[in-house]
Protein chains: 2
Amino acid sequence: MATIKDVARRAGVAPSTVSYVLSGSRKISEDTRLAVRAAVEELGYHPRASARTLRSARSHVLALAVPRVPGKYRGADGTFAIDISDAARGHGYDVVLITDLAGVAAMRRVAGSGMADAAVLMAVEEHDARAAALREMGFPAALLGRSEDAPGLPWVDLDWEASVALALRETVTAGHRRIVFLSSAEHEISARRGYALHGLAGARLVARESTADLRIVPSSGEPEELGRALREALAARPAPTALVVQHLILLPHLLDVITAAGLRVPEDLAVVLVGSFPDDLGGRPLPRIELPVTEMSAAVVRLAVGAVGTDGSVPSGAQPPHRLIAPRMATGSVIRPPSEPSS
Amino acid sequence: MATIKDVARRAGVAPSTVSYVLSGSRKISEDTRLAVRAAVEELGYHPRASARTLRSARSHVLALAVPRVPGKYRGADGTFAIDISDAARGHGYDVVLITDLAGVAAMRRVAGSGMADAAVLMAVEEHDARAAALREMGFPAALLGRSEDAPGLPWVDLDWEASVALALRETVTAGHRRIVFLSSAEHEISARRGYALHGLAGARLVARESTADLRIVPSSGEPEELGRALREALAARPAPTALVVQHLILLPHLLDVITAAGLRVPEDLAVVLVGSFPDDLGGRPLPRIELPVTEMSAAVVRLAVGAVGTDGSVPSGAQPPHRLIAPRMATGSVIRPPSEPSS
DNA sequence: ACAGAATGTCGAATCGATTCGACGAATCGA
DNA sequence: TCGATTCGTCGAATCGATTCGACATTCTGT
């Protein structure tokens with residue numbers, strides 16, 4: 001494996017000169033530059049990451065803390081991980097996965113060992129011990145999702161309140177008058193997950209401002225329980241004509257229940273998804289508010305990279321940098337009006 | 001940030017002694033050991049990963065090359081990534097994500113920079129340029145999936161031939177006489193993806209040995225095309241009573257087509273999945289051959305870690321270490337017999 | 001009591017790249 | 001032509017942990 005010394009010897013210059021050619025941080029004559037570049041090429045030289053990191057105190061690595069609900073796995077998480085890695089590469093960073101169930105200990109290890117320059121936390125909860133630990137250690141971090149418990153840390157989030165509100169308003173605009181909103185799972189609400197709370201707030205907002213009959217159903221994480229709740233909501237008379245869903249984990253099961261109830265989608269019941277992404281249903285074209293994974297990933301990486309070299313905090317009282325992303329209906333989303341006039 | 005010198009000073013010993021206490025590679029007296037441990041504790045000392053790596057030429061990092069079919073994303077991939085990371089931590093390794101679309105260049109970067117000790121390649125294809133490049137560079141690697149193109153590299157794979165054969169045999173045993181097998185997508189077969197080819201071989205095997213009427217339908221990657229093929233297969237008379245599916249990406253769409261054809265699952269049509277995992281359908285209990293993600297991840301990590309420090313190859317002619325995992329039906333899988341006697 | 005072995009700790013070299021101050025040569029103005 | 005710049009390159013220190021050989025001590029057996 002070639003080192004900078006080998007390159008220097010081959011090019012007939014000092015190692016420091018090679019370094020300057022590669023970093024461009026000092027003026028080097030054209031001749032020397034070419035000789036060095038040729039030597040680099042011939043030897044297939046790559047700087048050793050560890051030596052570079054040791055000297056410069058920059059690893060050019062981001063630690064990505066992946067959410068771990070034991071036994072559960074959200075399909076979107078993998079997509080986020082990939083998009084975050086892509087975005088990081090665009091800034092010259094690599095991404096190391098942190099999957100330890102003991103989140104705080106893992107954060108300490110990351111910060112202490114200097115294996116990463118900053119952390120990105122996915123699926124942040126309200127009382128997020130990891131975020132708190134990072135803050136306390138002064139380690140740079142950016143959050144995917146808001147944490148009211150870690151003020152001072154930069155964050156990115158979809159505007160879930162606006163998302164649910166938009167989905168409901170569009171549904172009303174399409175002519176629906178009796179609408180069921182299936183919120184996030186109850187345990188997510190009681191855990192005070194940001195997306196669950198803000199989504200609920202959006203639904204309440206529309207319930208107040210609109211004349212349509214909007215029923216909010218908190219959904220369970222259990223398939224049977226969810227089915228029961230949905231059956232009950234659909235059995236109301238006059239029957240609801242539209243269903244807006246923020247709870248996506250059990251979506252296939254949900255559609256089964258609808259089918260079993262003898263309803264066709266979208267002829268008998270319009271279904272609108274909030275925070276979905278294209279592959280969720282094998283390409284089945286349901287109208288939806290997209291989860292802008294790529295945009296969120298790019299934003300959170302930008303914040304994390306921007307925090308590198310700082311102590312990760314912000315003058316108390318000041319707002320940390322953040323990005324609240326406005327919702328958009330996915331292209332091609334059309335909400336079918338109710339079959340029979342509903343008034 | 002505390003260094004080994006700070007610890008040494010605080011404990012009143014030399015830095016080397018601290019190192020020996022931490023690594024346990026030399027005998028140290030009880031008194032000294034305790035003093036050092038106390039100093040480590042008080043200072044919250046963590047060894048700097050870069051310094052350790054520079055000196056020892058071991059990064060304790062595995063590079064995980066994630067499959068990138070532009071625009072597509074398989075839900076299982078994220079689960080693999082997490083399980084691989086967990087398994088790696090069990091061996092004292094971290095995992096860095098390599099998501100670059102230009103796979104070979106990324107492998108060169110990984111090998112050249114010494115940022116990882118070994119690579120794990122997911123979704124290996126027959127002519128896998130990444131695997132070939134790693135072999136050529138003598139960089140240790142392990143493959144998830146077989147590559148006939150990279151002999152000498154250790155690999156792990158589910159025995160897809162046995163998996164499909166098992167699913168079909170169980171279906172026959174349950175009493176079905178007219179069975180449709182939906183293979184992997186045609187483009188996967190023509191790309192000579194291992195799982196596609198081996199699955200097909202398993203189907204052909206059962207077709208030869210069994211008296212049941214088995215129809216093999218190569219499935220498209222396009223929802224419409226897939227729907228057409230399935231509709232046609234189901235329209236055969238006498239009608240098939242069971243469907244065995246290896247192609248899982250468009251599964252929800254598939255079930256839609258079945259429902260649209262007026263068939264109920266499993267009353268009218270038994271559906272058996274091959275290479276699925278529990279969350280694929282939001283908990284809908286279909287009989288299936290599980291994709292043993294955790295087992296495969298543990299195995300591939302073991303192989304990768306075992307290859308660290310070697311030149312990644314094997315005496316030519318000799319078999320590289322590998323693991324072909326036998327299929328199992330998921331617990332609770334029951335294949336419903338056909339409603340009307342089929343003979 | 002003393003040679004020799006065993007035990008525990010230390011000092012120094014090393015891994016490979018970065019970066020600062022210094023130094024020789026070329027260039028400039030008067 | 002000479003002193004002052006400017007330009008390009010070099011040498012050496014440095015980042016922090018590991019590890020080898022050496023050096024005191026203490027222990028063992030006679």
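Me: Is the crossing of H4(A) and H4(B) left-handed or right-handed?
Reply: Happy to help! This is a predicted model, where local features need pLDDT of at least 70, side-chain atom pairs count only at pLDDT 80 or more, and totals for chains, interfaces and linings use all residues. Residues are numbered from 1 along each chain as its sequence is written, with chains lettered from A and ligands numbered from 1 in the order in which they are written. A crossing is left-handed if the near helix is turned anticlockwise from the far one by less than a right angle, and right-handed if clockwise; for H4(A) and H4(B) it is left-handed.

Me: Why are H4(A) and H4(B) called oblique to each other?
Reply: Their axes (lines fitted to C-alpha atoms over the stretch in contact, with angles from 0 to 180 degrees between N-to-C directions) come within 8 Å and cross at roughly 140°. Angles under 35 degrees count as roughly parallel, over 145 as roughly antiparallel, 65 to 115 as roughly perpendicular and the rest as oblique. H4(A) and H4(B) are therefore oblique.

Me: Which helix gives the most to the side of chain B that touches chain A?
Reply: Residues are in contact if their C-beta atoms, placed from the backbone, lie within 7 Å, and 45 residues of chain B touch 45 of chain A in this way. Helices (H or I, at least four residues) and strands (E, at least two) are DSSP runs, numbered from the N terminus. With nine residues, the one giving the most is H5(B).

Me: Which residue in S2(B) does Leu97(A) stand opposite?
Reply: Strands pair if DSSP finds at least two bridges between them. Three bridges join S2 of chain A to S2(B), running antiparallel. Opposite Leu97(A) stands Val95(B).

Definitions and conventions:
Two residues are in contact if their C-beta atoms, placed from the backbone, lie within 7 Å.
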